[in-house]
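This report describes the packing and the charged pairs of one protein chain. The sequence and the model are shown first.

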Amino acid sequence: MKTYSQKSTEVKRKWLIVDASGISLGRLATVVATLLSGKHKPTFTPHTDGGDFVVVINAEKIRLSGNKLTDKKYYRHSGFPGNLKEVTAGEVLTTRPERVIEAAVRGMLPKNKLADGRIERLKIYAGTEHKHAAQKPVNYPIGAK
């Protein structure tokens, strides 16, 4: 018996919808990272990008436990001296809730050449409306809410 190794021409991608309302950020990010990597498929091959497209809706209704709304910080730096910017997770959730989920999923993907292609297949929307109805996405349930 030989070990199966998937080729990039054999990849079949599905479109999946994940509803983020009431789910904690870490649990959502692990599920989405698994779907983007293709680890849920029996044809998973580490060196081939065989994951699916994932559409996350209701990003504004994500749940953060404890004091993370005030204590969790996101940093960015322009490259100039003294320009380190700091924003709390609560502020980001009110202005751009998609960025919280994207940062969490990006942190859970492997740091290799396949990561950029995987993160491009992640589509995040704050509300229930999305523009991918033509792709006929299928609901992907995540455990108890």
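## Nonpolar cores

In this predicted model, the largest nonpolar core holds 30 residues, of which Leu-28, Val-32, Val-54, Val-56, Ile-101, Val-105 and Leu-122 touch the most other members. Two or more residues of this core come from each of β1 (15-19), α1, β2, α3, α4 and β5. Helix α1 gives the largest share, seven residues. Nonpolar side chains tend to be buried together in soluble globular proteins.

Val-54 illustrates the packing. Neighbours within four places in sequence aside, Val-54 is in contact with Leu-16, Val-18, Val-32, Leu-35, Leu-36, Arg-121, Leu-122 and Lys-123. Apart from the largest core lies another one, of five residues, including Trp-15, Ile-17, Val-55 and Tyr-125.

## Helix α4

Helix α4 comprises 12 residues, 97-108, and at 1.5 Å a residue should span 16 Å; the end C-alpha atoms are 18 Å apart, in agreement with that expectation. Its buried residues are Pro-97, Glu-98, Val-100, Ile-101, Ala-104 and Val-105. Viewed down the axis of α4, these residues fall within an arc of 160°, and they therefore line one face of the helix. An α-helix has 3.6 residues a turn, so residues three or four places apart point the same way.

The cover over the buried residues of α4 includes helices α1 (25-37), α3 (89-95) and α5 (115-120), together with strands β2 (53-57), β3 (73-77) and β5 (122-124). Two of the buried residues of α4, Ile-101 and Val-105, are also among the core members that touch the most others.

## Salt bridges

The structure holds five salt bridges. One of them pairs Lys-41 with Asp-52, with the closest N and O atoms 2.8 Å apart. Both partners lie in the loop between α1 and β2, 11 residues apart. Lys-41 counts as buried because its relative accessibility, 16%, is under 20%. Asp-52 is likewise buried, with a relative accessible area of 1%.

Another salt bridge joins Asp-49 to Arg-118, the closest N and O atoms being 3.2 Å apart. This pair links distant parts of the chain: Asp-49 lies in the loop between α1 and β2, and Arg-118 in helix α5, 69 residues apart. Both Asp-49 and Arg-118 are buried. Through salt bridges that share partners, Asp-49, Arg-118 and Arg-121 are joined into one network. Arg-96 forms a salt bridge with Glu-98, with 3.4 Å between the closest N and O atoms; at 41% relative accessibility, Arg-96 counts as partly exposed, whereas Glu-98 is one of the buried residues of α4.

Methods
Residues numbered from 1 in each chain as written. Predicted model: local features only at pLDDT ≥ 70, side-chain atom pairs only at ≥ 80, totals over all residues. Heavy atoms only, no water. Helix = DSSP H or I, 4+ residues; strand = E, 2+ residues; numbered from the N terminus. Expected span 1.5 Å × (residues − 1). Buried < 20%, exposed > 50% of the residue type's maximum accessible area, 1.4 Å probe, protein only. Arc of directions from axis to C-beta. Contact = heavy atoms within 4.5 Å. Salt bridge = Lys/Arg side-chain N within 4 Å of Asp/Glu carboxyl O. Core = buried A, V, L, I, M, F, W, Y, C linked by side-chain atoms within 4.5 Å.
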